[in-house]
Amino acid sequence: MSQYWSPVVAGLSPYVPGEQPKLQNLIKLNTNENPYPPSPRALQAIREAADEALKRYPDPASDALRQAVAATHGVSVGEVFVGNGSDEVLAHAFQAFFKHDGRPLLFPDISYSFYPVYCGLYQIEFHRVALQDDFSLRVDDYLPQAQRTAGGIILPNPNAPTGRALPLGEIERLVAGNPQCVVLIDEAYVDFGAQSAASLVSRYPNLLVVQTLSKSRSLAGLRVGFAIGHPALIEGLNRVKDSFNSYPIDRLAQAGAIAALQDSAYFEQTCRAVIATRERMTASLVELGFEVLPSAANFVFARHPGHDAATLAAQLRERSIIVRHFRQPRIDQFLRISIGTDDESQALIAALNTILGA
């Protein structure tokens, strides 16, 4: 701690990202990265963009990228905002929409752990809403009540780290039932088995949908995210962006992201491969005695009734396999396991078979 820190900084509990170890021959199943490389078209576009034009600032509005997002999701360009990864988009949304005295932001008690960090940074009042015993989300818990009206609602769909998804009809009921505030649906994993709420944006001015190219487009290293919402919400995000950083997405990132969005065949192929591996791995885990939550994401959330999760994670690490363990109430006996290639999945199952047998 420094005497020069402001009180806000002194009181922060920063987000802890997933480990990025620099080890050789590691099976890395801890940060939900896509096991397949980016689209070849995206890589070629990045190479072609690496020319003398880099001496110029990029397009601050990322118009070509916004057009690509709009075309992909069937919305207008005026309904699209882009940012330096979905985390930056989320940060701008917290600043723009969620600070309302006396009306807390609502999100699940088991969810993306960046949400309370943003609340601390921007001094936003919040309330965690408990998931059900099976880790499903009940929409009725988020509807206005006599003693509480939300100043904002945010939830991932599919949820993280559980992987469970809400059907589109329940998302619509949540949005329609809270016209007094912005409802943000964080769809980082939506392409692996859930329904996007982007189709509802034209009907609900309080709905903001946020996605990323980090997962299903294999571009975690490029840092591109976007939001889809009513033009008034997009204007609010742009007001925050242009008060913070007018050039958040560089030329290379814009070029690669556009090409990745346009390569729909490769996107669909890799998503199908991840989903197929997830289903096979889930069946294998169940055979080993694990309880595995229903997943619509590129990871599974699993626990074994006879083995401590932290011990299992340590034993897998000894075998050069890294998974994510959360030391958090209610889920400290679960492991979040990212979906890798078929070979990586088989190596995981073989290691677990040895560990459990021993």
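## Polar and charged links between the domains

Across the interface of domain 1 and domain 2 there is 1 salt bridge, defined as a side-chain nitrogen of Lys or Arg within 4 Å of a carboxyl oxygen of Asp or Glu. The side chains of R330 and D109 form a salt bridge with an N to O distance of 2.8 Å. Between the two domains, 11 residue pairs are in polar contact, both residues being at pLDDT 80 or more. A polar contact is a pair of N or O atoms within 3.5 Å; within protein, one must be able to donate a hydrogen and the other to accept it, and residues adjacent in sequence count only if both atoms are side-chain atoms.

## Basis of the model

This is a predicted model, in which local features need pLDDT of at least 70 and side-chain atom pairs count only at pLDDT 80 or more, while totals for chains, interfaces and linings use all residues. Residues are numbered from 1 along each chain as its sequence is written, and side-chain values use heavy atoms, with hydrogens and water left out.

## Domains and their contact

The protein comprises domain 1 (18-37 + 265-356) and domain 2 (41-262), with bounds from an automatic or database domain assignment. Their centres, taken over C-alpha atoms, are 26 Å apart. In contact (heavy atoms within 4.5 Å) are 26 residues of domain 1 and 26 residues of domain 2.

## Buried area

Domain 1 and domain 2 bury about 2,000 Å² between them, 59% of it on carbon and sulfur atoms. Buried area is the accessible area (1.4 Å probe) that two parts lose on being put together, summed over both. F267, A296 and R330 supply 31% of the area that domain 1 buries against domain 2, more than any other three residues.
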